[in-house]
Amino acid sequence: MAAGFAARILLRLGQSKSDFFAHGYSSYITIAHSLLGGQGICVAPGEGCAAREPLYALFVAPFVAMHDSFHGLTLAQSALGALQVWLIWRIGMGLFDRRVALLAAAAMALSPYAVIHDTALQDTVLVNVLALLALRQWIAAPRSGLWTALAAGLWGALATMTNGRMLAALPCWIVGLAAAGERPWQERRRQIGR
């Protein structure tokens, strides 16, 4: 986790502030300004409202309000990147063993794609953390019961509110929940259909 955090923060802070805004989705800053100004989640006053999913813009808004979008977002998103490393490790431990979990966590900590995109002005790191939280709960749901399944659904819904592409995962999650567990699949299918 420390290596993942350090890699992300050093890479982003080693670049210029202007690069952060030039190579990111600056529309999120505009949406955050609009939101803070009481104009809603709009790309421009009264235009493009609800054109983007709201969660990342809500995440960005406090940093815009503090007038420190670059440093604040870099720190917060680096921390989320480090959290991804831990979540990957926990999922690896749950599905495989310590060696696999450690290898997967190291790959996530130092993945060039993740290191670059986790601290860019885009929703990637937030949607990934939420999807990993959903996956972790989804894996545990057959053993843990209804509340864990509801938590998986909540994390998945929040991931979808961050990036609409997560809707594509919904059928896979439903099929996976139906296939998991110790009861016969017909009974699990009826349970999901309720």
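Helices α1 and α5 are roughly antiparallel to each other, because the angle between them, about 155 degrees, lies over the limit of 145. In this predicted model, α1 covers residues 2-13 and α5 covers residues 69-95, and their axes are 8 Å apart. The crossing of α1 past α5 is right-handed. On the α1 side the contact involves Phe5, Arg8, Ile9, Arg12 and Leu13. On the α5 side the partners are Phe70, His71, Thr74, Leu75, Ser78, Ala79, Gly81 and Ala82. Sorted by class, the residues of this contact are seven nonpolar, four polar and two charged. The spacing of such contact residues follows from helix geometry: an α-helix has 3.6 residues a turn, so residues three or four places apart point the same way.

Helix α1 also packs against α6, which spans residues 98-110. Here the angle is about 15 degrees, and the axes are again 8 Å apart. An angle under 35 degrees counts as roughly parallel, so α1 is roughly parallel to α6. The crossing of α1 past α6 is right-handed. Ala3, Gly4, Ala7 and Arg8 of α1 meet Met108, Ala109 and Leu110 of α6. This contact of α1 with α6 consists of five nonpolar residues, one polar and one charged.

Arg8 appears in the contact of α1 with α5 and in the contact of α1 with α6. Is Arg8, a residue of helix α1, buried or exposed? Arg8 has a relative accessible area of 0%, and because buried means under 20%, Arg8 counts as buried. With neighbours within four places in sequence left aside, Arg8 touches Ser78 and Gly81, both of which belong to the α5 side of the α1 contact. Arg8 also touches Met108 and Ala109, which are listed for α6. The remaining partners of Arg8 are Ala114, Val115, Asp118 and Thr119.

The wider setting is a chain with eleven helices and zero strands. Read along the sequence, the pattern is α-α-α-α-α-α-α-α-α-α-α. Of the 194 residues in the protein chain, 38% are buried. Among contacts between residues at least 6 apart in sequence, 65% join residues at least 24 apart. The chain exposes about 10,700 Å², and carbon and sulfur atoms supply 67% of that area.

Helix α3, residues 27-36, has Tyr28, Ile29, Ile31, Ala32 and Ser34 buried. The buried residues of α3 pack against α2 (17-22), α4 (54-65) and α5. Just after α3, Gly38 has a positive phi of about 80 degrees. Further on, Ala44 sits in the loop between α3 and α4. Ala44 counts as partly exposed, because its relative accessibility is 22% and buried requires under 20%. The C-alpha atom of Ala44 is separated by 7.4 Å from that of Ile31, 13 residues apart along the chain. Ile31 is itself one of the buried residues of α3.

Ala22 lies in helix α2. Ala22 is exposed, with a relative accessible area of 59%. Which residue, 99 residues apart from Ala22 along the chain, has its C-alpha atom separated from that of Ala22 by 9.2 Å? The residue is Leu121.

How are α4 and α9 oriented? Helix α9 covers residues 146-162, and α4 and α9 pack at an angle of about 80 degrees with their axes 5 Å apart. This angle falls in the range of 65 to 115 degrees, so α4 is roughly perpendicular to α9. Pro54, Leu55 and Tyr56 of α4 meet Leu158, Met161 and Thr162 of α9. The residues of this contact divide into five nonpolar, one polar and no charged.

Thr162, found in α9, is buried, with a relative accessible area of 0%. Beyond its neighbours within four places in sequence, Thr162 is in contact with Leu55 and Tyr56, which are listed for α4 in the contact with α9. Other partners of Thr162 are Glu53, Asp123, Leu126, Val127 and Leu130.

Technical notes: Residues are numbered from 1 along each chain as its sequence is written. This is a predicted model: local features need pLDDT of at least 70, side-chain atom pairs count only at pLDDT 80 or more; totals for chains, interfaces and linings use all residues. Side-chain values use heavy atoms; hydrogens and water are left out. Axes are lines fitted to C-alpha atoms, for helices over the stretch in contact, and angles run from 0 to 180 degrees between N-to-C directions. Helices (H or I, at least four residues) and strands (E, at least two) are DSSP runs, numbered from the N terminus. A crossing is left-handed if the near helix is turned anticlockwise from the far one by less than a right angle, and right-handed if clockwise. Contact means heavy atoms within 4.5 Å. Ala, Val, Leu, Ile, Met, Phe, Trp, Tyr, Cys and Pro count as nonpolar, Asp, Glu, Lys and Arg as charged, and the others, Gly among them, as polar. Buried means under 20% relative accessible area, exposed over 50%, partly exposed in between (1.4 Å probe, protein chains only). Accessible areas come from the Shrake-Rupley method with a 1.4 Å probe; for residues, only the protein chains shown count as cover.
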